Amino acid sequence: MISHHAYAVEPWCLRETELNLDVLAQSESVFAVSNGHVGWRGNLDEGEPHALPGSYLNGVHEQHPLPYAEAGYGFPESGQTVINVTNGKLIRLLVDDEPFDLRYGRLRSHERVLDLRTGLLHRVCEWTSPVGQTVRVRSTRMVSFTQRAIAAVAYEVEPVDARTSVVVQSELVANEQMPALSGDPRVGAALRSCLRPEENAAVDMRLRLVHHTAASDQRIGAAADHVVRGPASTRSSSESANDVGRLTVSAVLDPGETLRIEKFVSYGWSGIRSLPAVRDQVEAALTGARNTGWQGLVDQQREYLDGFWRHADIEVDGDAEIQQAVRFALFHVLQAGSRAEQRSIPAKGLTGSGYDGHAFWDTETFVLPLLTYASPNCVAEALHWRQNTLPAARERAEQLGLRGAVFPWRTIDGAECSGYWPAGTAAFHINADIAAAVVRYIRATGDTDFERRTGVELLVETARLWHSLGHHDSGGRFHIDGVTGPDEYSALANDNAYTNLMAGANLRAAADVAERHPEQAAALGVDKEEAAGWRDAAKAMSVPYVSELGLHEQSAGYTGLDVWDFENTPPELYPLMLHFPYFDLYRKQVVKQADLVLAMYLRGDAFEADQKARNFAYYEPLTVRDSSLSACVQCVMAAEVGHVRLAFDYLGEAALMDLADLEKNTRDGLHIASLAGTWVGLVAGFGGMRDHGDVLYFAPRLPESLSRLAFSVLIRQRCLRVDITGSQVTYTLRDGEPLRISHGGEVITLSKGSPQTRPVEHPTALPEPAQPPGRRPEPRR
Ligand code: BGC
């Protein structure tokens, strides 16, 4: 736990029992609350001390020029950065003239609890001011899952042993002072004071600020309303200025008396709506929330989460830390995606400004698989967002001289924001990753309406890209040259196996949907010849394989490169990209993150079992895991090829990435893909679930440390529960029509009310391959 004893291991919550300023930044990320539309970092109510103040609205960003020492054709000229919008969570407190600031006086107790079942962040603390007055403060914070524009705080203060005069200032603050950020490229750019004031108002207990951004031209409204309960001495007044709206409430409290403020905050933003429209939007949302009331919002939150956990919960017996971590992960992934609604799901969700708030392939490859089987509506929304950005993707393809669509490597609004093209534009695989997410969602839900309206267009335009990017050689083989695969320590390689295999699936899927939806395909200009061309390319796709070694190559010629000098690379020089030039990494065999190993998971149907084992053994000693996207994939393939103990070590790494701050950058926001990777590791790794074919396939196997693993998958409007122990697995269809699944190749038809039990196979324990020196995952025994 964030290497601090103050964090307790509990199954359904994250509890911090002491305030430790050394890990304040990390705690702000792990205690972030969000619904995918509005996100509040876990900053303390009174605003300070803070590491990184953060209030985010999905999609709200500012643009800035991307300067290049040497520019080149097609380099994006402007970047996008998520901005810290109006802070609605601020509640400052004055205790007999002393600001309630935990850096002064004495903090007698402090506890914060993020309750994963209720979706509420609770805080209770007792503080003695420098002159000796003691108060108890209790607060509860939420971002509503049911009312997308709404966040709320209930704040209570009471004196502990003497009559005390308190003043509470509940504020909306725009253009907060931001701390200086480091030079780490994974940290976002700091844009200061980028909100231009347009309107401010304070009427009774209601506050409102409207701002707009200069370059991205977005208008942002925030409004707050309050319910105040206190003794007869309670007085309040409100005021506003350009960047602040403030309700001030004062009271004199005797011990046993409490001042309670319920604060409702609404947010709205738009790139096209007028000032009156945005103003009305936030006022209306606020009125709705006021009518629901605090308790109403709390009840709705619980009900929403009850619905989620019913289908999404994973039970892990035998490792309490993993049990907590997986629920924490599921909760944060839900927070990132639940109400994103036609916006992206950024790599950090709305928990921090790391990676500038950009979305990457992380979404489609790591986050959407979980959501497909736990909360499929979110997936349709996320893919609609991609569809909405097709005009930019088509334009980008044209600029690059290609056909179809080229989706951006990193973006907020759909425009390419990567200024480093070898690991940006050249990472074309993102297009096939999006296509794979489309196919997975359609297979899992049978949502033909989505297939027709969204799937066809996304699959066709991405297939066109592959067909124009690749070429047939004289022998007819299809090659895709000069691309970067998932491993960013190799770039511009020919025939990256992962890219080619995923592109092949993309081409085939496009031809299939074009057949199923001839009208939609024709409207996009697809004819028989074009679709036949896609099938030919898919069939002839080259996948580099060295028969003498019996090995697949990550890309053509890869095994002939020098191997990185791992022996002479001390631990402090990782991650390598911060200590070595890319040109040197690119010409050596050193793998940043699972690449061929990821291909063996996502396109497992394209490899034989013995090839998988040999490939895994070859790439393990080359893979340094300088990306948090690697451990979960290595977990899956380690489990499949028989290294179940090693798989469990990898699972631990994926699951504890943020709770233990393993990459030392949880302060910038959570690693949403790695959190989703906890699900990937458990469900695909130890549940052995694969979705290549028409029926879901399972090949469960548990590590010794786990006595039981149980998870559910939503599949075609049915809920399937898989309950695994060391010796057997039980499949239960909880509802709906009979369902066919495959248990290690045996097709089983499940009916509601008739669970089926099968023995679990124990793979032969193979000798574990070594990792590069110093890069072994922490053993988890
Ligand atoms: C990884 C990418 C990933 C990005 C954002 C990079 O370090 O190499 O694969 O998309 O981080 O998580």
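Here are four short exercises with worked solutions on the structure above.

This is a predicted model, in which local features need pLDDT of at least 70, side-chain atom pairs count only at pLDDT 80 or more, and totals for chains, interfaces and linings use all residues. Residues are numbered from 1 along each chain as its sequence is written, and side-chain values use heavy atoms, with hydrogens and water left out.

**Exercise 1. The ligand**

Task: List the residues around the ligand, then find polar side-chain atoms that face its oxygen atoms.

Solution. Start with the shell, counting a residue as near if one of its heavy atoms lies within 4 Å of the molecule. That gives Y355, F360, W361, D362, W409, E488, K592, Q593, S627 and L629.

Next, sort them by class. Here Ala, Val, Leu, Ile, Met, Phe, Trp, Tyr, Cys and Pro count as nonpolar, Asp, Glu, Lys and Arg as charged, and the others, Gly among them, as polar. The shell has 5 nonpolar, 2 polar and 3 charged residues.

Now look for polar contacts, meaning pairs of N or O atoms within 3.5 Å. Y355 places a polar side-chain atom 2.9 Å from a ligand oxygen, and W361 does so at 2.9 Å. For E488, the distance from a side-chain N or O atom to an oxygen of the ligand is 3.1 Å. Finish with the area: the ligand taken alone exposes 310 Å², of which the protein buries 93% (Shrake-Rupley method, 1.4 Å probe).

**Exercise 2. A sheet with β34 at one edge**

Task: Work out the strand order of the open sheet that contains β21 and β34.

Solution. Strands are DSSP runs of E with at least two residues, helices are runs of H or I with at least four, and both are numbered from the N terminus. Two strands pair if DSSP finds at least two bridges between them. Following the pairs gives β21-β29-β30-β31-β34, with antiparallel pairing. β21 (315-317) and β34 (756-759) are the edge strands, each with a single partner, so one side of each has no neighbour in the sheet. The twist from one strand to the next averages 15°, using axes that are lines fitted to C-alpha atoms and angles from 0 to 180 degrees between N-to-C directions.

Zoom in on one pair: β31 (residues 728-733) meets β34 over 4 bridges, and T730 has T757 as its bridge partner.

**Exercise 3. A second sheet and its turns**

Task: Trace the open sheet that runs between β9 and β18.

Solution. The order is β9-β8-β14-β19-β18, again antiparallel. At the β18 end, β18 (residues 235-241) pairs with β19 (residues 244-253) over 7 bridges, and a hairpin joins them through 2 residues. S236 is bridged to V249 in β19.

At the other end, 2 bridges join β8 (residues 91-95) to β9, with V95 opposite E98. In the loop between these two strands you will find D97, a non-glycine residue whose phi is positive, near 80°.

**Exercise 4. Cis peptide bonds**

Task: Locate the cis bonds that lead into P49 and P575.

Solution. Most residues other than glycine have a negative phi, and most peptide bonds are trans. The bond from E48 to P49 is cis, with omega near -5°; P49 sits in the loop between β4 (38-40) and β5 (55-57). The bond from Y574 to P575 is cis too, with omega near -5°, and P575 lies in the loop between β26 (562-563) and α12 (582-586).

Note on methods: A polar contact is a pair of N or O atoms within 3.5 Å; within protein, one must be able to donate a hydrogen and the other to accept it, and residues adjacent in sequence count only if both atoms are side-chain atoms.
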